[in-house]
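The following questions and answers go through one structure step by step. Please keep the sequence and the 3D view open while reading.

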Amino acid sequence: MITTLEKLERDTPAVVKQIHGGHRIRQTLGRLGVHPQDRLTVLRSGFLGGPVLIEIHGTEVGIGHGMAVRIEVEVTESS
Amino acid sequence: MKIVLVGQPNCGKSALFNSVAGYKTIVSNFPGTTVDFITSRVNLNGASFTLVDLPGIYSLSTSETEELLARHYLIHEKPDLVINIMDASVLSRSLELTLELLELRVPLVVCLNMMDEAARKGVEIDVEHLSRDLGIPVVPTIATRGQGVPELFQTAIETAKRGKTGKIFFLSLDVERVVSELAGILGQGTAGKMKLPPRILAIKLLEKDEEFEKRVGEIQPGLISDIERLRRNLAECHGRPSDVVVSSERHSLAMNLFEHVAKVKARTGKSLRDQVDKYRMHPYLGYVFLAGILFTFFWLVFSVGKHVEEPLLALFETFAEYLPNHLSDESFFFNILNGLIQGFSGGIGIVLPYLIPFLLGLALLEDIGYLPRAAFLMDSIMHSIGLHGKSIIPFVLSYGCNVPAIMGVRIMERARDRFITSVLVTLIPCAARTTIIFALVAFYLGPIQALGLYVLNIVVIAGAGKILSHYMPDLSPGMILEMPSYKVPEWSTVVRKIWFRLREFIVIAWPLLIVGSVILSVLEFLHLSEPINGILSPFTSGLLGLPPEVGITLIFGILRKELTIIMLVQALGTSNFDAVMTAQQMMVFTVFSLFYIPCLATLGMLRSTIGNRGMLFTLFFNTAVGTLMALAFRGLYAVL
C-alpha cells in the first residue's frame, strides 16, 4: 500500500518511496538520514496535523506535518 | 598545530572538547548547542596544540548558516588534522559525513564516540575493520567519562605529523565518469581558486550546491553551462535529478560500509527509553507530562528561591539598620555605601536563590534529552502562531533569562523564524521580571492575579506572533528534528554548566547591579533623579497614572531588570509598596515593566542575532505593546 507518511498508524514499518518537492527538502531530509528506499517505523502518528515521530537508521526523527505529507511511503509487512 | 573537531549534532563533540580544554563551551543534549567556534590551547602529555570546536554539521551539503560557516572554516583555515567524531550508536548515518570529509583530502582521524550507547542499542562495531576500510585511524571513546580521550589525541598528533589522508570511495561507473569529467574541467584553476580538491567540488555541484555554484559563476561564468549539461546528463541516465543520484550513491556506500563493519543484535525486550517515551510522546498524555514537568520545574525553582531569599534579605536589612548609628545618613559616603549594600544584596538575595535552582533544573532537562521532545510535542501549537516546535526551547529558556534564550534562537535555520522568535522571546518575563510580578502583584494583590498575568502574557505573545507572521508568512515545509537518546546527566557536566552560566551573571550582571545601585544613590544625593522623573512624568504619571518617582526605576530597568524592584524601593523610600501605590498603579507598573524595552544585555544579544534593525524593531515593538497593555489595565481598573 502506497500512502504518505502523515497517514501512517503507530508502529507501522514502511519504506520511503519518493520525496516530493525541491532539492532543498530532499537535502534537509537526507541530512537526518531520510532517503528513498530507507526503512522506517512510525513511533507516533501525526494526529490532528501534528508532527510524526519515526525511527530510521537507529535514530528518532520528528518530522513536521508539512514535511510528512511530501514523503511517499510503502507499508511493509514487517521490519 | 591546529586540530579541528567535526561531527554531526549531538555526537558528544562538546563533551570531548571540554574533557581536554576545560569548560569553555556549553554541552547539552540538544542538537545544535555550539553556536560559535570555540578555540582552546591544549597541553596534553607534553604535546601542545590548538583545538577548535566547530558547530555540529550533518553533511557538507547544506543551506543552513551554521553549517555553511563550519564548512567555510574547514576549507579556508586549513587545519593540520580533522577529528571526525561520530555517535557510534548511529554509525550508518554518521558515515555519510565521513565519506564527505575524506574527499576534502585533509589528515583525518575518526573518533567513535558513545561506545556505551552503541552497546546498549546492540550495535557491535569492528573498529579495526572500519579503520582498514576507511584507510585512517579509528579510536573508540566514551568522551563524557574521558575514556579513550588520551589515546585519541595521541593518534591525532601522530597522524597530523604523517599528514595521512584516507581512502576515496568511488561511485558507480557511470556516475564516476560524469564526476571525473566535471572534476577535470574544474581542475583547470577554478577548484584551486576555491581551495578545494576538484573532485569534491564536482560532486557538490552535481548535488546542486548553491553556494559553490555561485562562487564558480563568479570565477569562471562559462563553466555554469558545463555543470548544467552534466547534471542533465546524469538525470537522464538515471531518471532522477542529479542531486538525488549523487546523494543516494553516497548513502548506499555508507550503508554498505556499515553492514561490513557492524553487527546489530536484536534488542531483548523494550528499553527504558521506549517505555518512557510511550508516555512522554503519547498523543494526549505527552502534553500532561510536559505541563507537569514544566509546572514542577517552576514550582520548585520559586519555592526553593523564596525560602532562601527571605532569611537572606532579613540578614541584609539588619545590617543596613546598623549603618545610621555609625554614619550620618546625610553624608555622601553613607549614600555610596547604602547603594553598594543594596546592589550586593540585590544580587545575593533576589537573583541567586532563583537563578541557581533554575539553572540546575534547566541543565538536568537539557542533559536528560527532554527539550527536543518538548519541541516535538509543541510543534502543532507553535505552528498556530507561525513558528515551529524548535522555538519552544528559547521560549522556555526565556523564563529564566532572555539572554541564553536569544542564544538558543540560533538553532533555527531560517532568518524569519529567528527574527520572530527573538522578538517574542523578549516579551516573556525572565526571572528578573518575575521578581517584579512576585514583589508587587503576587505579594500585594494575590497569587491569582499573578498567575493571570502569566496567562495574559502568553495570550499577548500569541497575538504578537500572529501579527508578525501575518507580515512575514511562513513558506517552509516545517520542522525536522532529531531526538537524541535519553542520557543520565553527568554531575560534573551539570555543575560546570551551572557554574559557566552563573559566572556570566557574577562577572557581567552583578557588577552592573552594584554600580547601578551606587549611581542611583549618587543621583539621589545630588537630587538628579527628580529632573529625570520630571522629563518622564508626562509619560509615567500623565499617560500611565503612576507616581512620578517611578520614572528613574524604568530607566534602570533597561540597564538590568533585576534593578527595577531595588530601584523602586529606593525611589519610593520604602519596600512597603501598598502604602505609596494603589492596586491600579502596582498593576499598571508591573504590566508595563513586563513588556517594555528589554535589558541592555538582551539588546546586545539581539543585535548580534538579528542585527541592528531587528534590535531597534524589538525595542519599539515591545515598548508599544507595554504601553498599550498598561493603558488597557489603567482603563480596566478605572471601570472596576
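**Contacts, elements and side chains**

In chain B of this predicted model, residues 24 or more positions apart account for 74% of the contacts with a separation of 6 or more.

Q: How many helices and strands does chain B have, and what percentage of its residues count as buried?
A: The secondary structure of chain B comes to 27 helices and nine strands. Chain B has 640 residues, and the share of them that counts as buried is 58%.

Q: Which residues form the covered face of strand 2 of chain B?
A: Strand 2 of chain B spans residues 38-44. Its uncovered face holds B:Thr39, B:Arg41 and B:Asn43. The covered face consists of B:Ile38, B:Ser40, B:Val42 and B:Leu44.

Q: In which sense do strand 2 and strand 3 of chain B pair, and which residue in the turn has a positive phi?
A: Seven bridges join strand 2 to strand 3 (residues 47-53) of chain B, and the sense is antiparallel. B:Leu44 stands opposite B:Ala47 of strand 3. The two strands form a hairpin with two residues between them, and the turn residue with a positive phi, about 45 degrees, is B:Asn45.

Q: What span is expected for helix 11 of chain B?
A: Helix 11 of chain B runs over residues 223-238, which is 16 residues. From first C-alpha to last it reaches 23 Å. At 1.5 Å a residue, the expected value, to which this is close, is 22 Å.

Q: Over what arc do the buried residues of helix 11 of chain B lie around the axis?
A: The buried residues in helix 11 of chain B are B:Leu223, B:Ile227, B:Leu230, B:Arg231 and B:Leu234. They lie on the same side of helix 11 of chain B because the arc they cover around the axis is only 105 degrees.

Q: Which helices are included in what covers the buried residues of helix 11 of chain B, and which residue follows helix 11?
A: The cover includes helix 7 (173-186), helix 8 (190-193), helix 9 (198-206), helix 10 (210-219) and helix 12 (242-261) of chain B. At the end of helix 11 of chain B comes a residue with a positive phi, near 65 degrees, namely B:Gly239.

Q: Is B:Met114 buried or exposed?
A: B:Met114 sits in the loop between strand 5 (108-113) and helix 4 (115-121) of chain B. Its phi is positive, about 60 degrees, although B:Met114 is not a glycine. The relative accessibility of B:Met114 is 10%, and the cut-off is under 20%, so B:Met114 counts as buried.

Q: What is the accessibility class of B:Lys195?
A: B:Lys195 lies in the loop between helix 8 and helix 9 of chain B. B:Lys195 is not a glycine, yet has a positive phi of about 60 degrees. Its relative accessibility is 42%, so B:Lys195 counts as partly exposed.

Q: How many aromatic pairs does the structure hold over all chains, and what is the pair of B:Phe592 and B:Tyr596 called?
A: Over all chains there are seven aromatic pairs. The ring centres of B:Phe592 and B:Tyr596 are 4.9 Å apart and their planes stand at 25 degrees, so this pair is stacked.

Q: Are B:Phe592 and B:Tyr596 buried or exposed?
A: B:Phe592 has a relative accessibility of 3%. For B:Tyr596 the relative accessible area is 4%. The cut-off is under 20%, so both are buried.

Q: Which residues form one aromatic cluster with B:Phe419?
A: B:Phe617 and B:Phe621 make a stacked pair, with 5.3 Å from centre to centre and 20 degrees between the planes. Both lie in helix 27 (residues 600-639) of chain B, four residues apart, about one turn of the helix. B:Phe617 is partly exposed at 33%, whereas B:Phe621 counts as buried at 18%. The residues that join B:Phe419 in one cluster are B:Phe617 and B:Phe621.

Q: Which residues are in contact with B:Ser593, leaving aside neighbours within four places in sequence?
A: B:Ser593 is found in helix 26 (residues 583-595) of chain B. B:Ser593 is buried, with a relative accessible area of 1%. Its contacts beyond those neighbours are B:Arg433, B:Ile436, B:Leu554, B:Lys561 and B:Thr564.

Definitions and conventions
Residues are numbered from 1 along each chain as its sequence is written. Chains are lettered from A and ligands numbered from 1 in the order in which they are written. This is a predicted model: local features need pLDDT of at least 70, side-chain atom pairs count only at pLDDT 80 or more; totals for chains, interfaces and linings use all residues. Side-chain values use heavy atoms; hydrogens and water are left out. Rings of Phe, Tyr and Trp (its six-membered ring) pair if their centres lie within 6.5 Å; planes under 30 degrees apart count as stacked, over 60 as edge-to-face and the rest as tilted. Buried means under 20% relative accessible area, exposed over 50%, partly exposed in between (1.4 Å probe, protein chains only). The expected span of a helix is 1.5 Å times one less than its number of residues. The arc is that of the directions from the helix axis to the C-beta atoms. Contact means heavy atoms within 4.5 Å. Two strands pair if DSSP finds at least two bridges between them.
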